[in-house]
Amino acid sequence: MQKHMSYLQKHPSITRSRVNNFLGGGQWEDVNIKAALYDLRVSGEPHVHLEVWSAPGQDRPTFEHAVKQQFKPAKVGQVFGPSWTTHWFRIRATIPGSFAGKLTQFMFDTNSEAMVWSEDGQPLLGLTGGNGGERHVDYLLTSCANESEPERTFYIEMACNGLFGNGDYHVHPQDRDIYYRLSSAEIVAPNQEAWALFHDMEVIVEMASRLPQESPRSWQALTAANDIVNIFNHSDLSTIKPAREIAQKFLSYKTSDAAHSVFAVGNCHIDTAWLWPYAETKRKSARSWATQLNLMDDYPEYRFAASQAQQFQWLLENYPSLFERIQKKSKDGQFIPIGGTWVEMDCNLPSGESLVRQFLLGQQFFKQHFGEYCDVFWLPDTFGYSSQLPQIVRLAEAKYFFTQKLSWNNINKFPHTTFRWIGLDGSHVLCHMSPAETYGAQCRPNELINSVTRHKDIAYTNESLLLFGNGDGGGGPLRSMLERLRRMEDVDGLPKVKQAHPREFYKHVDETARELVSWKGELYFELHRGTYTSQSNNKRWNRQSEFLLRDAEMLSTIAHMRRSHHGAQFEYPHDEFVRLWRLVCLNQFHDVLPGSAINMAYRDSDKIYKDIFKSVADIRKGALACIYGDALNNSENDGTGMAVLNTTGWMRSEIITIPQSMASRFALDKHDARVQISERDGSALALVSNVPGFGTCLINPDTLAGSKPANSPVRVYQCAGEDSFVLENALVRVVIDAHGRVRSFYDLSERRELVPKGESGNVFELYNDVPLYWDAWDEEIYLRESFKKLDGTSVAIVEAGPILGSVSVKVPISDDSVLTQVISLSAASPRLDFDCDIDWHENRKSLKTAFTWDITSDFATYETQYGVVQRPTHRNTSWDLAKFEVCAHKFADLSEYGYGVAMLNDCKYGHSTIANTMTLSLIRAPKSPDEHCDMGRHKFRYAIYPHKGTFSESRVVQEAYQFNVPLLHIPLSGTEIADANSSPFFSVTGAPNVVLDAVKVAEDDKQSFIVRMYEAYGGHARALLTSRLHSSSITKVNILEHPIDDDGDGSLHMLPHSNTVEVAFKPFEIVTLMFSQ
């Protein structure tokens, strides 16, 4: 028996602990490998001279400004703050002669983020302080020091925030005062061979613990690691060489040709705002990407991908020299712009046109600055994926899709890794979700092993992507990751690894994979369902911005294409629309619009929305002045009439509000059914009939007096002997009980009661909303187990008809919160409107309204971008159960054969339908990461629209548009208004299932304009589109406005001797046409 023989096979767990301790910190680091990592260190005078200037407040001054300021002495141990402040250090470093021949670094740790700048103002390197896995505090002074080195002067810009904001956002607000300590500022000479051994051991030790424990390769790894620990002596550095020889021998064994292939790409997912404001993201991008550029010089095989054109734009504006370096590395193939969108947006809440603009703006930027469009849609981290994305992606000239988030599902495990994702219209993209189940891999053996064991489609394709690098707060890959990756490129026991452009991976799969499985429809994310509701006002302003921009672009296009009609000159404000859409798209980032960012981010977004609203109002004013010429009167006090402009594509008859300043001119006999003076504000309410789609009609006292009275005047009265109130017109009769609930909703023409006996609608339910972990993000399935119904009080008649009937109700929520609601029925529609004004001051509560209907259906229909998605109303399977809260845009519909009811809204997105009860989420009260989330006053509207027939036979889509796009009321003077009752600017006939959604001037040709339409109900159509604007040719284009070859399929047919084109649609198809002169 050998006295010194290793018995590690008898005690492998002990040996594993031993080799792990060899790499670890703590009590053993003075005798393990860490004791040998640095040969020399010096700090303080005369080698390191520190000075600092602290910027005032939360200013983030430029380099040029900072270096001109008065600097003061600084020292290690000094603290700086508070949070979000900036401090500039001027550093003079002199390398001692004892460092001669050695690679020399400057280590600077502020326990926060920082940027190194050269003396002449070039951004060089990002730093991340602290002791976390993201730590990177070393700046290379020289790769080989001389005996007599000159003094070096450089600057470091310290940001008083960490990579993830300021402390634990689950516990503390992010704008609290935190101070950061300068813990080191020293010149060091690392022992490069010791570091190489450290990286060798990182790979070998993890292979020993992560490979199957009984596999030969696991035992070989454990044996090699143990032998290295035995031979190494921290006080005798000559032992490093034989230790490395053991490591290199183990790592020299190659894997088989049939092994799994991993395509690795570095990235540093940078949230455009989250636990920090937009202003800090500008610096995060620069810090992160500067670091990666330096790594590319040292690792020529390194490939790094970065998305979000907005961040590149910020870099171009604020760090032009850094942007030029990125452009060069892009040409070399190392720095890979990817994704094709303006930001990594939320995909649940933005409108279809917003998603189109994300791609249009993003692809334009990448083409302009990097010479090509992105063919990979890159969205690792967002909270669900619309079923229209495959079509939009293909129309943006991309065909591949990467995401990761579905690995977070908390009920069902998504069943695929590499698959064809098929959208609503049948378009498909090749989708891959990294089986390592992270976009922030650390380049460790376990992640490569997971790439095989968690690959759900390995029977069809033996490849996967690995995204590595620190992310969310930026940072990106570290040198240690690239060192480990080099060692794992081709080593027995692990998959083969190569660094590559993601396109190379997708093309390889496309060309070599056996027939892949498919997934049809939305990629529903089974988590973060609260993001449909959190930050209520932010969602409201997003919806308003989308529709205001829609109208402004349409009116500006009309004015631009007809600019000589009234002798007025109107130039389409293309650059301003680009700026505004960029702002809208910015605020649709996947932590801002969903409501999961800190309060500072919403201060930013509030300012942005105010900017958008003001600019859009100015643009619209200019466009209307061109369209209506001298007839336009900017003063309501002087107007003699009003043009009512309809910016939707169908005829509308609605109630309009005539401002109080003009109301007296329209006042008829108080008993006249054609006008009503509001009891609330003295304005005049008038019924305007048959306003043509994309057209106008004129109203003035004479035309109104000559019109027919409303054929279904509204009556409002209190039930005899009861506390209930009735709102009734010729179409429906609604009973509101003493608590403000809809006790009866009766369709008079169909003789049908919609509310089951013993049930009600408009039932306010207050829930205890305490999720498991992610406060602003999550609404959990158990939420519905704990709630109370709220009783309204003080129901009273507000408007008594004949044009509009209303009752008000006050709903006490708690001692601190109250909701006031006005319930209205007009003479023009069976739609029942609910206008809400809420003062909300709750703690982790959620308010919903519920309606129970006498309708039976196994599914409900919800609006998504450019279409609808049907979801089950039952909970038969765990997949059905997981959709207990879902996203919808302007409506949700529950229909059976012959009849249905739709719930409309003007800014709400969270819905649920269980059996025959429809629920709309109104507001939440999370406390993290924004401790003030939704506190205060909110206004919003929802409505109930009953309809004959199924959803496909209804006008729900049109009614939901009308609820969100009011008729425009334009004061005019004079009685002869040429355009007021002329033919519409556009008309769509022959296909009630087709919606004209957007009109704009073409991107590259100011003499051409774009019309975008879509099929909304899920059927084929042939629509006749007529334009009053002159054009000589019409071309079908994609969303980048490039011609589409239709292969002669007859989808576009010009009618002779007319301005009409027949357009064929497939179900849920998006069609974009370019009209050219």
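I began with the second largest cavity of this predicted model. By class, I found 10 nonpolar, 7 polar and 3 charged residues in the lining of the second largest cavity.

I then looked up the space inside. The second largest cavity holds about 140 Å³. I counted 20 residues around the second largest cavity, and those closest to its centre are Asn348, Glu522, Thr864, Arg871 and Cys887. Next I checked which elements give two or more residues to this lining: they are S40 and strand S41 (867-872).

I stepped back to the whole structure. How many cavities of 30 Å³ or more does the search find? I got 9.

I moved on to the largest cavity. I noted about 260 Å³ of space in the largest cavity. The lining comes to 24 residues, and Ser351, Gly352, Phe547, Tyr961 and Asp997 are the closest to the centre of the largest cavity.

I listed the elements with two or more residues in the lining of the largest cavity. They are two helices, H9 (352-370) and H14 (536-561), and two strands, S40 (859-864) and S50 (994-1001). Which element gives the most to this lining? I found that H14 does, with 5 residues.

I sorted the lining of the largest cavity by class last. I recorded 9 nonpolar, 6 polar and 9 charged residues there.

One cross-check on S40 closed the page. I see S40 among the elements that give two or more residues to the lining of the largest cavity, and I see S40 again in that list for the second largest cavity.

Notes: Residues are numbered from 1 along each chain as its sequence is written. This is a predicted model: local features need pLDDT of at least 70, side-chain atom pairs count only at pLDDT 80 or more; totals for chains, interfaces and linings use all residues. Side-chain values use heavy atoms; hydrogens and water are left out. On a 1 Å grid over the protein atoms alone, a cavity is a set of points where a 1.4 Å probe fits but cannot get out, and a pocket is an open set with protein on both sides within 12 Å along at least five of seven lines; lining residues have an atom within 4 Å of a point. Grid points are joined across faces, edges and corners, and a volume is the space filled by probe spheres set on the points. Helices (H or I, at least four residues) and strands (E, at least two) are DSSP runs, numbered from the N terminus. Ala, Val, Leu, Ile, Met, Phe, Trp, Tyr, Cys and Pro count as nonpolar, Asp, Glu, Lys and Arg as charged, and the others, Gly among them, as polar.
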